[in-house]
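Hi everyone, thanks for coming. I'll put a structure up on the screen, and then we can walk through a few things I picked out.

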Amino acid sequence: MRRRLKRVLAGTGRVVLLALFLLAVVLPIYWMAITSFKTHTEIIDAQNVTYFPKVFTVENYNQLFSMYDYGKMLQNSLIVSVATAVCITLLSILGGYSMARFKFRGKGAMLLFFLVTQMIPGILVIIPLYLIYAKLGLINTRFSLFMYYLIVNLPFCVITMRSFFERIPYTLEEAAYVDGCTRMQGLRRIVLPVMFPGIVAVFVFAFIGAWNELIAGTIFISTSDMWTIPVGLKSLIGKYDVKWGVLMAGGVLALLPTAVMFAVMQRFVVEGLTAGAVKE
Amino acid sequence: MPYLILYILLLAAVCLGAFLLLRRFESRRPAAYRHAKSIWEPYLYILPVFLLLLLMFGYPLINSFVMAFQNYKLTAPNAIHFNGLANFQKLFADKDMGLIMRNSLVYVVASVAGQFILGMTLALALRKKFRGRGLYQAAVFLPWAFSAFVIGLIYRWSFNGEYGVVNDILQKLGWVGEKLAWLGTPGLSLLVVILAMIWMGVPFFAIMNLAALQSIPADVYEAADMDGCGGVRRFFAITLPYIKPTVIVTILLRTIWIFNSFDLIVVITGGGPANYSQTLPSYMYTRAFSGYDFGLASALGVLLMVLLAVYAVVFLKVTKYNRAGDF
């Protein structure tokens, strides 16, 4: 009897705990979302903070597009992030394959090199890179961002891809080679189809990494027609009169793509995160 | 835009070159496992990645190192020259350095501890299967995918002194009399940054710990149950030792990541008030792009690297990373 009581208690405790965690995650998001649907006067009424919009309005979203050219920011973010993600996926398939399937001199050193790049703060590279870009006339281009996002996200993605390759038994490929396939054919027809989770995970990592980045954007980009979403919204905070409704609307739209991506591909992403960082 | 096209063309050309080279290697059948057809084959595949990193990561880093010993101000491009250790002298004469070092330490330790404890709790709660676990995970792990920038915005807005929801709730609960100026008070501003950082990082720790927990074989627990081992003892005698390697690696890597990341600081407080929420990397950013004194900023960078190098050596010793040569 006592034992059963104990089990019931533990079960309830767990449910309460899980509910609390969910609440902690949802509340800030809820607050952002409802702020974006409030009128400006309601937002800046310091005496009555409302927990649900009295007047429901999409005015903030309208302003975001009409006054602040959010469409352009979206476009820039999308171009840079997709380009980064595609290139990283291709490069890390090749690199990860090499790291997983071959023994070669210098492999350990290369892994260490990748690890070290993960430890160096981005700002240390951004400053000299800014000067290099300036010399090459690359300041204020989408390419400057693309290049930076490529190099900062590559090492982790290669390592992740490598662990995914290592899980696939070589015998699968070998059979194809015995039948006369070349390496590239074997890779394309046999390995990559079963590698789907890994490819998805790496693509999502790279896309999210590029989509969410702020610091390099504020430094490499100087004119509003090149702004990515974080850089554009950041410039709005700098203004004297901060329009929180508009900012929150921008935030909601910025989170949507990555949130949907993550929710749909959660299983692969979780698998990738654990594969990339932890030795099995 | 023309550069982008140029670059894509260049990239295409390189890929084409590599492809043609590969074709030559492909004339023969691939040999047995882990034996390349040519000793160059593995290098060829990894080469693009390696070259990119060397060129765009290694080279700038060396530049950064050189700049630390130069008088390098973007505002005076004709007066760039070596000045020995002058930048470092200026750095250590900076009376805010002590404060910034302390902030960095508090920020890193508090964030890592908070993330680890909450992440572990969440992982333990998620361990047993229940209906809708996949859905629940998709929701509760969501902050992992969120941009630090937007999280910063949310926290900055919620902790706003006048219109912020946090002050309102605290007042309604009767915990504070007057509204607190969260972002304008020394100590409190750093606390808000830490809270945001913890919120953002719990999912990652939970994911890692959960994976580690799930790798523990079930029969160990069965044996413990037979011997009448209690819940608390079970955690400390079985669970913890089993997941220790993963936990240590995760914590150590995450510490570096948290130390290096400062988007939250830039968005929420901008380092204010008066550097009370400034950490080393965010200070470096501020110094480089408000005064354009790249020499001084690079000196700060070298200091950062020394700290990280010491940390990395300890890290490698503790985890035996390099001996395993494996991730």
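**Two asparagines, two chains**

Let's begin with Asn275 of chain B, which is buried, because 20 other C-beta atoms lie within 10 Å and 20 is where the buried class starts. Before I go on, please keep in mind that this is a predicted model. Where along the chain does Asn275(B) sit? It's in the loop between α11 (263-268) and α12 (280-290) of chain B. Its backbone is worth a look too: phi of Asn275(B) is near 65°, a positive value in a residue other than glycine. For anyone new to this, most residues other than glycine have a negative phi.

Chain A has a similar story to tell. Asn140(A) also has a positive phi, near 65°, and isn't a glycine either. You'll find Asn140(A) in a loop as well, the one between α6 (122-136) and α7 (142-167) of chain A. Buried or partly exposed, then? Asn140(A) is partly exposed, since the count of other C-beta atoms within 10 Å is 16, and you need 20 or more to be called buried.

Okay, let's zoom out to whole chains. Chain A has 14 helices and zero strands, so reading along the sequence is just α after α. Its radius of gyration is 24 Å, well over the 19 Å that the globule rule gives for 280 residues, so chain A is more spread out than a compact globule. Along the principal axes, its C-alpha trace spans about 80 × 75 × 30 Å. Of those 280 residues, 48% count as buried.

Chain B has 14 helices plus two strands. It has 327 residues, and 37% of them count as buried. If you take contacts with a separation of 6 or more, residues 24 or more positions apart make up 78% of them in chain A and 66% in chain B.

Now, how do the chains meet? In total, 86 residues of chain A are in contact with 81 residues of chain B. Which helix gives the largest share of chain A's side? That's α13 (residues 244-264) of chain A, with 11 residues. By class, chain A's side has 62 nonpolar, 16 polar and eight charged residues.

Last stop, α13(A) itself. This helix has 21 residues and reaches 30 Å from first C-alpha to last, close to the 30 Å expected. There's a bend of about 30° at Leu256(A), with a proline, Pro257(A), following within four residues.

That's my tour, thanks for listening!

Definitions and conventions
Residues numbered from 1 in each chain as written. Chains lettered and ligands numbered in written order. Predicted model: local features only at pLDDT ≥ 70, side-chain atom pairs only at ≥ 80, totals over all residues. Contact = placed C-beta atoms within 7 Å. Nonpolar A, V, L, I, M, F, W, Y, C, P; charged D, E, K, R; others polar. Expected span 1.5 Å × (residues − 1). Bend = angle between axes of the 7 residues up to and from the residue. Rg over C-alpha atoms; globule rule 2.2 N^0.38 Å. Buried ≥ 20, exposed ≤ 12 C-beta atoms within 10 Å, placed from the backbone.
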